[in-house]
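Please consider the following protein model, read here from its overall composition to its sheets, its core and one buried polar residue.

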Amino acid sequence: MKKVLLSILMLIALAAPMSAYAADTGESEVVVTGAGLQITQTKPTFTDVTLDLKQNQSSAANSNLYVLDARGTAAGWGVVLRASDFKLTKMVGGKAVEFVIPASAVSFSTLYKSAIVGTPIDFQGAKGELANQQVLSSADSRIVAVIPSEGAGTHQFLVNYTLNVPKLIMGSNGQQVGLLQGTYTSTFSYTATAGI
């Protein structure tokens, strides 16, 4: 009987501390706000060309593109590029004439460098699309795009440009001439878009 009573007292003693340490539970919240979609890029600077009319010539440039997706929506994104024609102004017969190398003389391709922050994007697994020998124009041309649920964080891309140097160019006076020496200038406009 003593053993049974002792066993019952031990069970009560062990059970009591458990109920004394039970805690109340409640909910807690945290609000996460997206910070947006941003891009930055380095300026593409084309290599100089020394005229050689006997052979086809080209000029190359590249730029680093950084995409920061901190929206928290997993909606996917894309980056597009448009460019104006390359222009050079010369005085001809006392009048300023613009000579043009068309933007379409430039093709570009994009390489994925790395995920600086976030999970790498699997382009081989069809998680996005990279430009491959895309022709530049005044309309939007896609540099890179990523499907929904991919691309959160910061990612680096390398965009390679090739300008096929024309042997003949057109002036605003309607005259076609051989390529003139000078600095031809174009404006490149990059835009980030939500979705793919």
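Two strands are said to pair if DSSP finds at least two bridges between them. In this predicted model, one such bridge links Leu168 with its partner Gly178 in S12. That bridge belongs to the contact between strand S11, residues 168-171, and S12, which pair in the antiparallel sense over three bridges.

The wider setting of these strands may now be described. The secondary structure of the protein consists of one helix and 13 strands. Along the sequence the helix comes at the start of the pattern, and the strands follow it, as α-β-β-β-β-β-β-β-β-β-β-β-β-β. Of the contacts between residues at least 6 apart in sequence, 72% join residues at least 24 apart. The protein has 196 residues, of which 31% count as buried. Its accessible surface comes to about 12600 Å², and carbon and sulfur atoms account for 55% of that area.

Strands of a sheet pair through backbone hydrogen bonds, in either a parallel or an antiparallel manner. The pair S11 and S12 takes its place in an open sheet of four strands, ordered S4-S5-S11-S12 with antiparallel pairing. At the edges of this sheet stand S4 and strand S12 (176-178); each has a single partner strand, so one side of each is left without a neighbour in the sheet. On average, and with direction ignored, neighbouring strands here are turned by 35° against each other.

At the other end of the order, S4 and S5 pair in the antiparallel sense over seven bridges. Within this pairing, Lys87 stands opposite Val100 in S5. The two strands form a hairpin with two residues between them, and in this hairpin Gly93 takes a positive phi near 60°.

A further open sheet of four strands has the order S7-S9-S3-S13, again with antiparallel pairing. Its edge strands are strand S7 (128-130) and S13, each of which has a single partner strand, so one side of each lacks a neighbour in the sheet. The average turn between neighbouring strands of this sheet, direction ignored, is 20°. S7 and S9 pair in the antiparallel sense over three bridges, and Leu130 stands opposite Val144 in S9.

Which residues touch the most other members of the largest nonpolar core? Among its 34 residues, these are Ile143, Tyr161 and Phe188. Two or more residues are given to this core by each of several strands, including strand S3 (77-83), strand S9 (141-146) and strand S13 (188-194), as well as strand S4 (86-92) and strand S5 (95-101). Strand S2 (57-69), strand S6 (106-117) and strand S10 (153-165) are also among these contributors. The most is given by S10, with five residues. In soluble globular proteins, nonpolar side chains tend to be buried together.

Is Ser63, a residue of strand S2, buried or exposed? Ser63 counts as buried because its relative accessibility is 1%, and buried means under 20%. The side chain of Ser63 is joined to that of Tyr161 by a polar contact of 3.4 Å; Tyr161 is also one of the residues that touch the most other members of the core. Leaving aside neighbours within four places in sequence, the contacts of Ser63 include Thr42, Lys43 and Pro44, together with Phe157, Leu158 and Val159. Tyr161 and Tyr190 are likewise in contact with Ser63.

Note on methods: Residues numbered from 1 in each chain as written. Predicted model: local features only at pLDDT ≥ 70, side-chain atom pairs only at ≥ 80, totals over all residues. Heavy atoms only, no water. Core = buried A, V, L, I, M, F, W, Y, C linked by side-chain atoms within 4.5 Å. Buried < 20%, exposed > 50% of the residue type's maximum accessible area, 1.4 Å probe, protein only. Axes fitted to C-alpha atoms, helices over the stretch in contact; angles between N-to-C directions. Contact = heavy atoms within 4.5 Å. Areas by Shrake-Rupley, 256 points an atom, 1.4 Å probe, with all protein chains shown as cover. Polar contact = N/O pair within 3.5 Å; in protein donor to acceptor, adjacent residues only side chain to side chain.
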